[in-house]
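Thanks for coming, everyone. Please have a look at the model on the screen, and then I'll walk you through it.

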Amino acid sequence: MRIRRIFAAVFATAALAGIGLTGAATATAATATAGSVTPASVTPGECTDNGGTIDRSTPVLPTCRGGMYDGQSVD
């Protein structure tokens with residue numbers, strides 16, 4: 001009888017811990033997808049594929065103008 005109680009307590013604890021970990025993983029995944037991070041620089045293909053054009057008249061690096069990566073430097 002004592003073994004059954006211990007087993008039930010361990011099982012319940014594991015189940016609750018699993019629910020907590022699942023909730024934390026879901027929250028982390030939702031945060032990662034909700035906040036889109038813009039890269040420091042993009043490739044020429046990424047710039048043009050997302051509606052931008054490459055402006056090569058900028059002094060240091062070419063810049064993506066327009067589209068999703070507007071204002072980002074192009075490598």
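Is Asp70 buried, partly exposed or exposed? Asp70 counts as partly exposed, because its relative accessibility is 48%. On the scale used here, buried means under 20% relative accessible area, exposed means over 50%, and partly exposed lies in between, with a 1.4 Å probe and protein chains only.

Before more on that residue, some ground rules. This is a predicted model, where local features need pLDDT of at least 70 and side-chain atom pairs count only at pLDDT 80 or more, while totals for chains, interfaces and linings use all residues. Residues are numbered from 1 along each chain as its sequence is written, and side-chain values use heavy atoms, with hydrogens and water left out.

Now confidence. pLDDT is the predictor's confidence in each residue, from 0 to 100. The protein chain averages 77, and 71% of the residues score at least 70. Helix α1, residues 2–34, has the lowest confidence, with a mean of 64. The highest is in β2, at 95. Please keep that in mind when you look at the helix.

Next, the layout. The protein chain has two helices and four strands. Starting at the N terminus, the order is α-β-α-β-β-β. These elements are DSSP runs, numbered from the N terminus: helices are H or I with at least four residues, strands are E with at least two.

How much of the chain is buried? Of the 75 residues in the protein chain, 15% are buried. The accessible surface is about 5,700 Å², and carbon and sulfur atoms hold 66% of that. Those areas come from the Shrake-Rupley method with a 1.4 Å probe; for residues, only the protein chains shown count as cover.

Let's go inside. The largest nonpolar core has five residues: Val42, Cys47, Cys64, Tyr69 and Val74. By nonpolar core I mean a set of buried Ala, Val, Leu, Ile, Met, Phe, Trp, Tyr and Cys residues joined through side-chain atoms within 4.5 Å. Take Tyr69. Beyond its neighbours within four places in sequence, Tyr69 is in contact with Pro39, Val42, Glu46, Asn50 and Cys64. Contact here means heavy atoms within 4.5 Å.

Glu46 from that list sits in helix α2. Glu46 counts as partly exposed because its relative accessible area is 32%. The Glu46 side chain reaches the backbone nitrogen of Thr43 at 3.0 Å. Gly45 is in helix α2 too, which covers residues 44–49. Its C-alpha is 9.4 Å from that of Val74, although the two are 29 residues apart along the chain.

On to strand β3, residues 63–65, where we find Thr63. Why does Thr63 count as buried? Because its relative accessible area is 9%. Not counting residues up to four places away in sequence, Thr63 touches Thr53, Ile54, Asp55, Thr58, Gly71, Gln72, Ser73 and Val74.

Now charges. Side chains of opposite charge can pair when their charged atoms come close. How many salt bridges are there? The count is one. The rule asks for a side-chain nitrogen of Lys or Arg within 4 Å of a carboxyl oxygen of Asp or Glu. The partners are Arg65 and Asp55, at 3.3 Å from N to O. This pair links distant parts of the chain, ten residues apart: Arg65 belongs to strand β3, and Asp55 to strand β2, residues 53–55. Arg65 counts as partly exposed, because its relative accessibility is 37%.

Back to Asp70, as promised. Asp70 is placed in the loop between β3 and β4, the latter being 73–74. Outside its neighbours within four places in sequence, Asp70 is in contact with Cys64 and Arg65. A polar atom of the Asp70 side chain lies 2.8 Å from the backbone nitrogen of Gly66. Asp70 and Gly52 are 18 residues apart in sequence, with 6.9 Å between their C-alpha atoms.

One last stop, the loop between β2 and β3, which holds Val60. Val60 counts as exposed because its relative accessibility is 75%. From its C-alpha to that of Ser73 the separation is 9.0 Å, with their positions 13 residues apart along the chain.

That's the tour. Thanks for listening.

Conventions
Polar contact = N/O pair within 3.5 Å; in protein donor to acceptor, adjacent residues only side chain to side chain.
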